[in-house]
Amino acid sequence: MKDFKMVAKTFFGFEEILAKELTVLGAQKVEQGTRMVSFVGDKGFLYKANLALRTALKILKPIYHFRAFNEQSLYKGIQGVDWSKYMSVHQAFVVDVTLHSDYFNHSQFVSLKVKDAIVDQFREKFGKRPNINKDFPDLRINIHIQNDQCSVALDSSGDSLHHRGYKTATNIAPINEVLAAGMLLLSGWEGQGDFLDPMCGSGTIVAEAAMIACNIPANINRKEFAFERWNDWDNDLFDQIMNSLMKKTREFHYTIKGYDKAPSAVAKAKDNIINANLDDYVTISQANFFETEKETRGPLHMVFNPPYGERLDIDMERFYREIGDTLKQNYPGTHAWFITANIEALKFVGLKPSRKIKLFNGKLETRFVKYEMYEGSKRTKFQNQNNE
């Protein structure tokens, strides 16, 4: 099988961990960009990347590159591709456009011109044309224009890879699965101890934590990938890749728990954990975090997504103060990480974060912060270390 270049799209701040994921998976020529990482592999690796990568949103296969600075050069460039190699007249396609250009400022206009160029090529060759289908296309084409540089790629994923396939129910402010997985990997979570999400909502963070701990491929529960409709789809190769990934799963000997004070969230989280076949590893309970204390003896790893006040009406100052008080008084020996878009509210926590990472949750700029709760006081810990 021939090797070719691919591009994995991701969120801002996850480029380094995505590059690491790709390297561990066996990708060649891994190079980081902004919100993307490029790499080289074969068709089997394309399947593997879609199945296994936790922090990728899409895997694109670039097929053509040209310069476009007006409508005519765009049309001519798109006609430079032999589209009959990728689909037949009886198939349907859709075009997605990303623009960062002074020459083009309407993605819908670009999309229309690209469609015209493809349809005209088929009409001239075969006297017939393929249809457009936005919901169930056989081929999803990605156009990226940066100034006058136009890249044409095939989208091998289809729906964004955060649609893992295990979530049938969400709560009022769900966190994206790729964002959850990226936060967990940034926090250093590998399944090396007990884990708690004290505000688990519909269970996304605990589900992703369990899949990381057991090395279960991120998209094992997904119903379909776009490459399954491609002309060169190889079902046997896909099964072989999936079986090989499943052989690398591992046992997990600690606990993963999720709390939420809302009974509706608890019910949804339990359903999603069962859908993901993770109920052997994850326990969901109804509890108000501010009334709980650490239940495990060893170190505890905590990652959570508290309400921002964007969609949930809460008293921010009091809420964040209670987070700090609960961690300080009830959770010794804990590494606690959480994400917030309410950057001002962090000062009410009353603790100094040991790390602060800038991320985006959708369009919201956020901070992913770490608080280290020591057994006993911090001074005692350092005195003990110095005496060893």
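Let me start with Ile143. In this predicted model, and leaving aside neighbours within four places in sequence, Ile143 is in contact with Ile78, Val95, Asp96, Val97, Thr98, Val110, Val114, Cys150, Ser151 and Val152. Ile143 also belongs to the largest nonpolar core, which has 53 residues. Ile59, Leu74, Ile78, Trp83 and Ile143 are the residues with the most contacts inside that core. There is a second, separate core of 40 residues, and among its members are Met183, Val206, Ala210 and Ile339.

Next, the sheet. Eight strands form an open sheet with mixed pairing, and their order is β2-β3-β1-β4-β8-β7-β5-β6. Which strands sit at the edges? They are β2 and β6, the latter covering residues 131–132, and each of them pairs on one side only.

Take the β2 edge. Strand β2, residues 28–32, runs antiparallel to β3, residues 36–41, and three bridges join the two. One pair to look for is Glu31, which stands opposite Ser38 in β3. The hairpin of β2 and β3 has three residues between the strands, and Arg35 there takes a positive phi near 60 degrees.

At the other edge, β5, residues 92–100, and β6 run parallel, joined by two bridges. Here Ala92 stands opposite Asn131 in β6. As background, strands of a sheet pair through backbone hydrogen bonds, either parallel or antiparallel.

Another hairpin comes later in the chain. Strand β14, residues 355–361, and strand β15, residues 364–373, run antiparallel and are joined by seven bridges. Leu359 faces Thr366 in β15 as its opposite residue. Two residues lie between the strands of this hairpin, and Gly362 has a positive phi near 65 degrees.

Now helix α8, residues 263–275. How does the span of α8 compare with what its residues should give? At 1.5 Å a residue, the 13 residues should span 18 Å, and the end C-alpha atoms are 19 Å apart, so the two agree.

The buried residues of α8 are Ala265, Val266, Ala269, Asn272 and Ile273. They lie on the same side of α8, because they cover an arc of only 130 degrees around the axis. The general point is that an α-helix has 3.6 residues a turn, so residues three or four places apart point the same way. What covers these buried residues of α8 includes α6 (204–213), β10 (256–260) and β11 (282–286).

Ile274 is also in α8. Is Ile274 buried, partly exposed or exposed? Its relative accessibility is 48%, so Ile274 counts as partly exposed, given that the exposed class begins over 50%. Ile274 and Ala207 are 67 residues apart in sequence, and their C-alpha atoms are 9.8 Å apart in space. After α8 comes Asn277, with a positive phi near 60 degrees.

Last, His301, which lies in strand β12, residues 300–304. The relative accessible area of His301 is 9%; buried means under 20%, so His301 is buried. Which side chain does the side chain of His301 meet in a polar contact? That of Ser187, at 2.8 Å. Not counting residues up to four places away in sequence, His301 touches Ser187, Gly188, Trp189, Asp194, Phe195, Leu196, His335 and Trp337.

Technical notes. Residues numbered from 1 in each chain as written. Predicted model: local features only at pLDDT ≥ 70, side-chain atom pairs only at ≥ 80, totals over all residues. Heavy atoms only, no water. Pairing = 2+ DSSP bridges. Helix = DSSP H or I, 4+ residues; strand = E, 2+ residues; numbered from the N terminus. Buried < 20%, exposed > 50% of the residue type's maximum accessible area, 1.4 Å probe, protein only. Polar contact = N/O pair within 3.5 Å; in protein donor to acceptor, adjacent residues only side chain to side chain. Contact = heavy atoms within 4.5 Å. Core = buried A, V, L, I, M, F, W, Y, C linked by side-chain atoms within 4.5 Å. Expected span 1.5 Å × (residues − 1). Arc of directions from axis to C-beta.
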